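This report walks through a few features of the structure shown below, beginning with its charged contacts and then turning to its cysteines and its enclosed spaces.

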Amino acid sequence: MSDPGNISRRQLLRGRLPKGIIPPPATPDPPPTEETSTPDKAAPPEPGRAASRVFPVVRPPGAIAEPAFLAGCTQCDKCIEACPHDAITHAPLRFRDAAGTPMIDPAVAPCLMCSDYPCISACPEDVLKLESLGPIATARLLDYNCLAYQGSFCTVCHEQCPTPEAITLDQAKPTINLDTCTGCGVCHYACPAPTNAIAIMPLVDRPAPQ
């Protein structure tokens, strides 16, 4: 048997122990207790219950502040059924506490900002309110993806935008004017670039309920 005193530091670091030298068994971790065990993946919140985490989501027009929205929305689907353009859908499970609540996915169907706002009229819980109307998101132009900024001619976002002066052209290059943009997502939906040149960012702050 080799003398443990002759084991070099390099052998120890590389795990090369001489034959006959057996390292002591690792001390096993204590069994998980109710306090230390890892919780299961978060489930969608119960309707009408306040959420512990706020996850940015593009909501339908007139949505109140996100914590109050999650606390008040019962996932009744009335706004989804009322939308004439099928622009409102359920938030998927990856949205955690917001899962199952109504949202806009502009890559699938942008909001056309109806003049009579049937989604607001249909909401029985007042989490969509006329008093809270304003932009539903923020549109950002990614010029490094934009065909017009990369030497090609493209004005599709300008042509398709439903809000006057929200997207203007300067030497055939689009600019998004945040003062007039509603964040509806039509530009994102229509963008023909191989990698979409317009990002639709959920609002962090929305009006608190009155």
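## Contacts, cysteines and cavities

There is one salt bridge, a term for a side-chain nitrogen of Lys or Arg within 4 Å of a carboxyl oxygen of Asp or Glu. It joins arginine 59 to glutamate 66, whose closest N and O atoms are 2.7 Å apart, and both arginine 59 and glutamate 66 are buried, meaning under 20% relative accessible area with a 1.4 Å probe and protein chains only.

This is a predicted model, in which local features need pLDDT of at least 70 and side-chain atom pairs count only at pLDDT 80 or more, while totals for chains, interfaces and linings use all residues. Residues are numbered from 1 along each chain as its sequence is written, and side-chain values use heavy atoms, with hydrogens and water left out.

The structure holds zero disulfides, a disulfide being a pair of cysteine sulfur atoms within 2.5 Å. For two of the cysteines, the nearest cysteine sulfur is listed here.

| Cysteine | Nearest cysteine sulfur | Distance |
|---|---|---|
| Cysteine 119 | Cysteine 111 | 6.5 Å |
| Cysteine 123 | Cysteine 76 | 6.3 Å |

Cysteine 119 is buried at 7% relative accessibility, and cysteine 123 is buried with a relative accessible area of 13%.

The largest cavity (a set of points on a 1 Å grid over the protein atoms alone where a 1.4 Å probe fits but cannot get out, with lining residues having an atom within 4 Å of a point) has a volume of about 110 Å³. Of the 14 residues that line this cavity, those closest to its centre are Cys73, Cys76, Cys79, Pro102 and Cys123.

Methods
1 Å grid on protein atoms, 1.4 Å probe; cavity = no way out; pocket = protein on both sides within 12 Å on 5 of 7 lines; lining within 4 Å. Points joined across faces, edges and corners; volume = space filled by probe spheres on them. Buried < 20%, exposed > 50% of the residue type's maximum accessible area, 1.4 Å probe, protein only.
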